[in-house]
Amino acid sequence: NSNLYLSYRDDTNGRVRKVFKYDPIRKILDSTQISFQGSEFVSSRLHFFDNKLVLMGSAFISELALSLDQELNTISTGLSQNLSRAGTAAVDNVIYVLGGDTGIFNELYPNHIIRIYENDLLGLKDEFTLNNSRRWAEGEIVDDTIYIFGGENVETVGSTDGIFIYDNLVTYNLVDKIVDVIPLSVEMNYTSAVRYENLIFVAGRSAVTNMQTEIVFGALNT
């Protein structure tokens, strides 16, 4: 599939999720929209499996035909609260959702949870809970290992300087341990990651100094 896909929430005429497909060869732009009832945050992530486009929103998961001419299914994540800026990583027909819990007023911020989506009408299910709270961290999977990059430390409201590694995704179940933590050369939050073979390319926002933000790019050779 040589097309490019984009999704965002549009509040112009009622809240909907717009989805676009651009063919760079023919220079043709197609689009559709997904309506929903209830709250849905702005952020979303796109993945492909079984010749479908899977759109992971904050409260809803939608599956569409790659041509965008058919909305195959839209379900709730099954969570009591929307996820905010959750990261995602996919392998085969499984999507791992990384964090995104927003917390409840006057309560301790929840620990970072890894969840899984396997085309299940019940939505997401918990797979692993990190023993600390952080958010806005993206990850990727190489050789059955999840690498999660940086993120914001909720307690200090500062960036995190580690790559958290979860190993042994045997039959897509995470072993209950952190295998390792690799230090980053710079603290990063709002991270993004993409895999190319054994390399993971990462971008993120470093610490803010004198009201100026620095965007950092790097690559991890796994």
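This passage describes two groups of paired strands and one loop residue in a predicted model.

Residues are numbered from 1 along each chain as its sequence is written, and side-chain values use heavy atoms, with hydrogens and water left out. Because the model is predicted, local features need pLDDT of at least 70 and side-chain atom pairs count only at pLDDT 80 or more, whereas totals for chains, interfaces and linings use all residues.

Three strands (DSSP runs of E, at least two residues, numbered from the N terminus) form an open antiparallel sheet in the order β1-β2-β3. The edges are occupied by β1 (4-10) and β3 (28-35); each has a single partner strand, so one side of each is left without a neighbour in the sheet. On average, neighbouring strands of this sheet are turned by 20° against each other, direction ignored (axes are lines fitted to C-alpha atoms). Pairing, which requires at least two DSSP bridges between two strands, joins β2 (residues 16-23) to β3 over 8 bridges in the antiparallel sense. Within this pair, D23 is bridged to I28 of β3.

Further along the chain, β17 (residues 180-196) and β18 (residues 199-205) pair antiparallel over 6 bridges, with V194 facing F201 of β18 as its bridge partner. The two strands form a hairpin with 2 residues between them, and E197 in the turn has a positive phi of about 55°. Strand β18 is also joined by 7 bridges to the antiparallel β19 (residues 215-221), where G218 is the bridge partner of V202.

N51 lies in the loop between β4 (45-49) and β5 (52-56). This residue is exposed, with a relative accessible area of 68% (exposed means over 50%, with a 1.4 Å probe and protein chains only). Its C-alpha atom is separated by 7.3 Å from that of A65, 14 residues apart along the chain.

Technical notes
Helix = DSSP H or I, 4+ residues; strand = E, 2+ residues; numbered from the N terminus. Buried < 20%, exposed > 50% of the residue type's maximum accessible area, 1.4 Å probe, protein only. Axes fitted to C-alpha atoms, helices over the stretch in contact; angles between N-to-C directions.
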